[in-house]
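User: I'd like a close look at one part of this protein, the main sheet and what packs around it. Could you walk me through that part strand by strand, and then show me how the rest connects?

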Amino acid sequence: MFSNLMTRARSFINGMMDSSSSNSTTISAPRPATSANPNLKNVPKLLNIIQNFDMCHCIVAFAKLDLADHFPRSGTFVSHKEIASRADLQPAYLYRLLRALTMSDLIVQDKNDTDKFALTDVGSYFKKDHPLTFNNSVIYDFAPSIVEGMQPLDYVVKTGKLDAWEKKHGESFWAHLGQNPWLGEVFHKYMDFRSKYAAEAILHQLGDDPLFKKFYNIVDIGGGHGLFLSGLRKSLRPEARLTIQEIEMVAEQVRVPGIEFVTKNMMEGVVGGGDCYIIKHVLHDVSDEEVVTILRHVAAGCKPEATLLVVECLIPSPGVNNFGKTMDVMLMGFIQGRERTLEQFDKLFKLTGFKLVKVHPTVTDVSMIQAQRIISN
C-alpha cells in the first residue's frame, strides 16, 4: 500500500523545482549516497519503515472519519473544504491529513489545484458500501486494546511465556471481547470481512476446478456468521447440506437461509457425517496439541475418505513477504496460537489420520490446504 520513499522524495524535489521556476529560489537535487559517505546509504530505507508506522495512524483516522464515503467515485477531484463541510471537519487540519495520505495509495492531490484531492481505486475499498470494504479491518487492527496487546512482545520473546495479553489486561483475549461490546462487534465485522474476501479469492483461484461440486454434506467448523459458506454457494451442488458448527452465542443468534447452525464445542467433538469439513481462521488460534484434538474429532466423525479444507495464512519460504509472518507475531502477543508452514500442517495431518493432497494459494494472504482422510486397514 505504501510507495517507496525515494520515489516520493524524487517527486517532491521535482515538484519543488517546478514551483521554484517562477521565482529566484534555486533548489538543487540531492546527491546520492556513495561509498564516500556509506552511513547515509540505508537511511532512506529506515525512514520508509518509520514512515509506514506513522502512515498507519493517518489511515486509521481516514477509516474512523469515513472520509472515503465523502469522496465521489475514484479519480474525481474535490476540494478539501467541500469534504470538510460534508463531514463536519476542520478544513485546515483535514488538508494536512489528506496531504499526508497522498504518500499512500489511497489519495492523490491535484497538481494544478492543490486544494483538491481524489480517491484512488485502492482508496475506494474504504467506502462502506464496497463489497470488500477494509474500514472495519483497519479500525479493529488499531483499536487501543489491540495495539496495547502488541506491546508486551518483548516480554514474550524474553521469557517464552504466552500470557502477555492476560498480563496486560487481566483476562484472556476472548473474555476481553465478551466484556467489550464495541470491540467484540468490530472483531466480528473484521472476521466477516476476511470471510468474504477469502471465499472470493478461493473461487477465483479454483477457476473451473469443480472441487466443491463433489460434496453433498459440508460442515464449516467455527464458520462464524456464514459469510464464507454463503460466498461459496455458486460453486456448490444445489442440494448440498450446509452446516456451521459454532459456539452458542453465535449459533443461536445467526440465521442464514439454507444453512443449519449447530451449537457444539469443537474441542469436544464435531458434527458427524460430512464428506467435506472446512476450518477457516480457527487453527491459528490454538496450540498444536489443540489442533490435534480438533482434527482427531473430524477424523472420527467424517465419512470415509472425506475432504478437509483448511483456510489459513501459510508462512512462506524465507525472503518471501507475507501477511502471515506479522499475523503470527500478533497471535503470539494475544493468544497461544500461531501461523504455520506447510510442513507443519503436513505433520499435524499425519498425526491425525489425514494426508496432504494439494495447496490452493490465492492472490490474497490466504491459502486453502486440501487434505483427505486416510482409512487404516
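Analyst: Here is a walk through the sheet, starting with its middle and ending with the other core.

Some ground rules: this is a predicted model, where local features need pLDDT of at least 70, side-chain atom pairs count only at pLDDT 80 or more, and totals for chains, interfaces and linings use all residues. Residues are numbered from 1 along each chain as its sequence is written, and side-chain values use heavy atoms, with hydrogens and water left out.

The sheet is open and has 7 strands, in the order 6-5-4-7-8-10-9, with mixed pairing. Strands here are DSSP runs of E of at least two residues, helices are runs of H or I of at least four, and both are numbered from the N terminus. Two strands pair if DSSP finds at least two bridges between them. At the edges sit strand 6 (260–263) and strand 9 (354–361), each pairing on one side only. From one strand to the next, the twist averages 20 degrees; for angles, axes are lines fitted to C-alpha atoms, for helices over the stretch in contact, and values run from 0 to 180 degrees between N-to-C directions.

Let's start with strand 7 (276–280). Since 5 of its 5 residues are buried, strand 7 is largely enclosed by the rest of the structure. Buried means under 20% relative accessible area, exposed means over 50%, and partly exposed is in between (1.4 Å probe, protein chains only). In a regular strand, side chains alternate between the two faces of the sheet. Both faces of strand 7 are covered: Cys-276, Ile-278 and Lys-280 are buried on one side, and Tyr-277 and Ile-279 on the other.

Now its neighbours. Strand 4 runs parallel to strand 7 and is joined to it by 4 bridges, with Ile-218 opposite Cys-276. Strand 8 also runs parallel to strand 7, through 5 bridges, and there Ile-279 stands opposite Val-310. Out at the edge, strand 5 (residues 241–246) and strand 6 run parallel, with 4 bridges between them; Ile-244 has Phe-261 as its bridge partner in strand 6.

Val-310 deserves a stop. This residue of strand 8 is buried, with a relative accessible area of 0%. Leaving out residues up to four places away in sequence, Val-310 touches Ile-279, Leu-283, Phe-345, Phe-349, Ser-367, Met-368 and Ile-369, where contact means heavy atoms within 4.5 Å.

Two helices lie across this region. Helix 13 (residues 288–301) crosses strand 4 (217–221), strand 7, strand 8, strand 9 and strand 10, running at about 165 degrees to strand 7. Together, strand 7, helix 13 and strand 8 make a right-handed β-α-β unit; right-handed means that, with the strands pointing away from the viewer, the path from the first strand over the helix to the second runs clockwise. Helix 10 (residues 181–206) lies across strand 7, strand 8 (307–312), strand 9 and strand 10 (367–373), at about 90 degrees to strand 9.

Helix 10 also leads us to the cores. A nonpolar core is a set of buried Ala, Val, Leu, Ile, Met, Phe, Trp, Tyr and Cys residues joined through side-chain atoms within 4.5 Å. The largest has 43 residues, and those with the most contacts inside it are Phe-62, Leu-98, Leu-101, Ile-107 and Ile-146. Helix 10 gives the largest share of this core, 7 residues. A second, separate core of 28 residues includes Cys-276, from the strand we began with, along with Ala-198, Leu-236 and Ala-251.

Over in the largest core, helix 4 (91–101) is one of the contributors. Its Leu-94, Tyr-95, Leu-97, Leu-98 and Leu-101 are buried. They cover an arc of only 165 degrees around the axis, which puts them on the same side of helix 4; the arc is that of the directions from the helix axis to the C-beta atoms. Those buried residues pack against helix 2, helix 3, strand 2 and strand 3, while the face turned away from them carries the exposed Ala-92 and Tyr-93. Leu-101 has contacts with Met-55, Cys-58, Ile-59, Phe-62, Leu-106 and Ile-107, again not counting residues up to four places away in sequence.

Ile-107 has Leu-119 as its bridge partner in strand 3. Strand 2 (residues 107–109) and strand 3 run antiparallel, joined by 3 bridges, and form a hairpin with 6 residues between them.
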